Every structure is written in structure tokens, then in C-alpha cells.
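Biologist: I am new to this structure and should be grateful for a guided reading of it. May I put some questions to you in turn?

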Amino acid sequence: MAALRQCLRSSRALINNTTTLPTREITLPTFLVPAFAVPSRQRTSHFSTTSRSHSKIGAAPLSIPPEVTFRTIQPPPPASNARISRTQRGATVEIEGPLGKMSYPIPAYMSVEVNEDARTRTLSIQDAEDRQQRAMWGTTRAYLQNSILGVSEGHAAILRLVGVGYRATVESTATTKSPEYEGQKFVNLKVGYAHPIELGVPMGVKASTPQPTRILLEGVEKEVVKQFAAEIRQWRRPEPYKGKGIFVNDETIKLKAKKIK
């Protein structure tokens, strides 16, 4: 018992001495302090303080060939209290060349700058900070460039039929379809189906077959030519095991290893 009492007295004395010792303030290095403890002015950092850049495609000038006529037809003046919206149509651009004539409406917030000496046209928008205007800036310029190229040189698509017995012909009549306009041609495909596949050539597109396994599509409008080529390709899309199918222009496909049972 005496030994136990002596141990209790020693522990109490040790506790009293510990509480009376002066406390020291513990400080952590700066790199160990949590991020939320750093003042906000030190944590705030901007990636870039420069303004938004203009569209490189939209600001590029359009070069007009000598045989192409580029006209801008302004719309009637709006009312004095009318408000310009994003969907409101502005001027209409008419492009005429040796292969045809095309027109394209441009938004109201877009204007065309003319330079007759250099035979160029440049598009500009009202607010370069507006996301919708910047997006349509480059899109409209690309449409106009395709129209200029279409009426001067034309657009083309070459389809290659790869497969045993695959061939195509262009016929004046069809057995499964009736013509949609006078003088319409039909592309007849033989690509492994039991029934005939006849596709009507859209208006403004010229189809020919230089070889039994080649289809040449030519036209003024790039969208119409490429869309018709995509419709033909849908009947036999290229497959990756034997490499058979209908390929458009320089299209290629990576062959896969054959499955071994």
C-alpha cells in the first residue's frame, strides 16, 4: 500500500509540473499550410488576360476569279424601332459563273467589304465577343468559298466499288422508281443484293461511270454532291475484314485480323 501511495503522489506532482510549464506556439512552414488558409488575392490567378481572338477563317478575304460575278443584294430597310436578332436575315449574296448561279443569305449582323482593285470580298461582324456571331462568321465564309469554287470549277466525288462482282451503271430509266424531274438519270448498283438498287440522281448533279467499278459525280453545290455520294455509300459501307465496300474519294479502312475459330 505504501508503494502504491508513493506512485500516486509522484504522478500528481508530474501533472502539476506539466500544467505549469509555459506553452510554446507551434508554426507550420508555408508549404504545409492548407490552400484555403492562403489569402484569396494570392490564390487567384488568371490563365490569360488577353481579349478573345477573331475568327481566322471568317476574316480571311475571298478571292473572286475574273469569270465569276459576286453581287450583294441589300434587304429593304427595317423600321426605325426594329431590333436586330440573331435569326434575322440580312443581305443576299449572288454568285454567278460559267457553271451556274448560286445565292446565299447572310445574317443581318454580317456585312461584306468590297475591294475591287484586288478582286476580294471580306466578311465582318458587329460584335466579335458574341459567340454565335463568331461561329457563323467562319461558317458563312466557308459556304461562300464553296459557292465560288462550285460556279467556277465545280465539285466532284469519285466512288470506288471494291468487291467481287461489284459494278455500277447510269441508266435513263428505272424499274423501281419514277423520275422526279424531266431527264433524270438513275445510278444502278450491283453490290451483292438479290434486288436491283436504283438511285435517282439529284437535280444539278451529273453522274457517269468511267469504269464499271467507278462512279464520278459532278455538280455546282458541294453539299448535294457529297450527300448523294454518302447515300450511295450507305448500300455497302466498307467492312474491316475483307476490305470490301464503296469508298468515297481517298477513303481507306484499316483491316482487322480475321477471327480464328
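Biologist: In which sense do S7 and S12 pair, and over how many bridges?

Modeller: The model is a predicted one. Within the S7 and S12 pair, Ile158 stands opposite Leu216 of S12. The two strands, S7 and S12, run in the antiparallel sense, and the number of bridges between them is six.

Biologist: Which are the edge strands of the open sheet of four strands?

Modeller: The strand order in this open sheet is S11-S12-S7-S13, with antiparallel pairing. From one strand to the next, the twist averages 20°. An edge strand here pairs on one side only, and the strands concerned are S11 and S13.

Biologist: At about what angle to S7 does H5 run?

Modeller: Helix H5 spans residues 222-233. This helix lies across S7, S11, S12 and S13, and its angle to S7 is about 10°.

Biologist: Which element gives the most residues to the largest nonpolar core?

Modeller: In general, nonpolar side chains of soluble globular proteins tend to be buried together. The largest nonpolar core here has 21 residues, and Leu159, Leu161, Leu189, Ile215, Leu217 and Ile232 have the most contacts inside it. Elements that give two or more residues to this core include strand S7 (155-162), strand S9 (186-190) and strand S12 (214-219). The element that gives the most, with four residues, is H5.

Biologist: How many residues are in the other core, which lies apart from the largest one?

Modeller: In the largest core, Leu189 touches residues including Leu161, Ile197, Leu199, Ile215, Ile232 and Trp235, leaving aside residues up to four places away in sequence. Apart from that core lies another, with Ile64, Ala91, Val93 and Val112 among its members, and its number of residues is 20.

Biologist: Which residue in the turn of the S5 and S6 hairpin has a positive phi?

Modeller: Strand S5 covers residues 110-115 and strand S6 covers residues 120-125; they pair in the antiparallel sense over six bridges. One bridge partnership joins Glu113 to Thr122 in S6. Four residues lie between the two strands of the hairpin, and the turn residue with a positive phi, of about 55°, is Arg119.

Biologist: Is Arg121, the salt-bridge partner of Glu116, buried or exposed?

Modeller: The closest N and O atoms of Glu116 and Arg121 are 3.3 Å apart, and the two residues form a salt bridge. A residue counts as buried when its relative accessible area is under 20%. Because the relative accessible area of Arg121 is 8%, its class is buried.

Biologist: How many residues apart in the chain are Glu94 and Arg71?

Modeller: A salt bridge joins Glu94 to Arg71, with their closest N and O atoms 3.0 Å apart. Glu94 is buried, at a relative accessible area of 18%, whereas Arg71 is partly exposed at 35%. Glu94 belongs to strand S3 (residues 89-97) and Arg71 to strand S2 (residues 69-73), so that the pair links distant parts of the chain, with a separation in residues of 23.

Biologist: Which residues are joined into one network by salt bridges that share partners?

Modeller: Glu94 also forms a salt bridge with Lys101, their closest N and O atoms being 3.8 Å apart. Lys101 is exposed, with a relative accessibility of 51%. Salt bridges with shared partners make one network, and its residues are Arg71, Glu94, Glu96 and Lys101.

Biologist: How many salt bridges does a search of the whole structure find?

Modeller: As a general matter, side chains of opposite charge can pair when their charged atoms come close. For the whole structure, the number of salt bridges found is five.

Notes
Residues are numbered from 1 along each chain as its sequence is written. This is a predicted model: local features need pLDDT of at least 70, side-chain atom pairs count only at pLDDT 80 or more; totals for chains, interfaces and linings use all residues. Side-chain values use heavy atoms; hydrogens and water are left out. A salt bridge is a side-chain nitrogen of Lys or Arg within 4 Å of a carboxyl oxygen of Asp or Glu. Buried means under 20% relative accessible area, exposed over 50%, partly exposed in between (1.4 Å probe, protein chains only). A nonpolar core is a set of buried Ala, Val, Leu, Ile, Met, Phe, Trp, Tyr and Cys residues joined through side-chain atoms within 4.5 Å. Contact means heavy atoms within 4.5 Å. Two strands pair if DSSP finds at least two bridges between them. Axes are lines fitted to C-alpha atoms, for helices over the stretch in contact, and angles run from 0 to 180 degrees between N-to-C directions.
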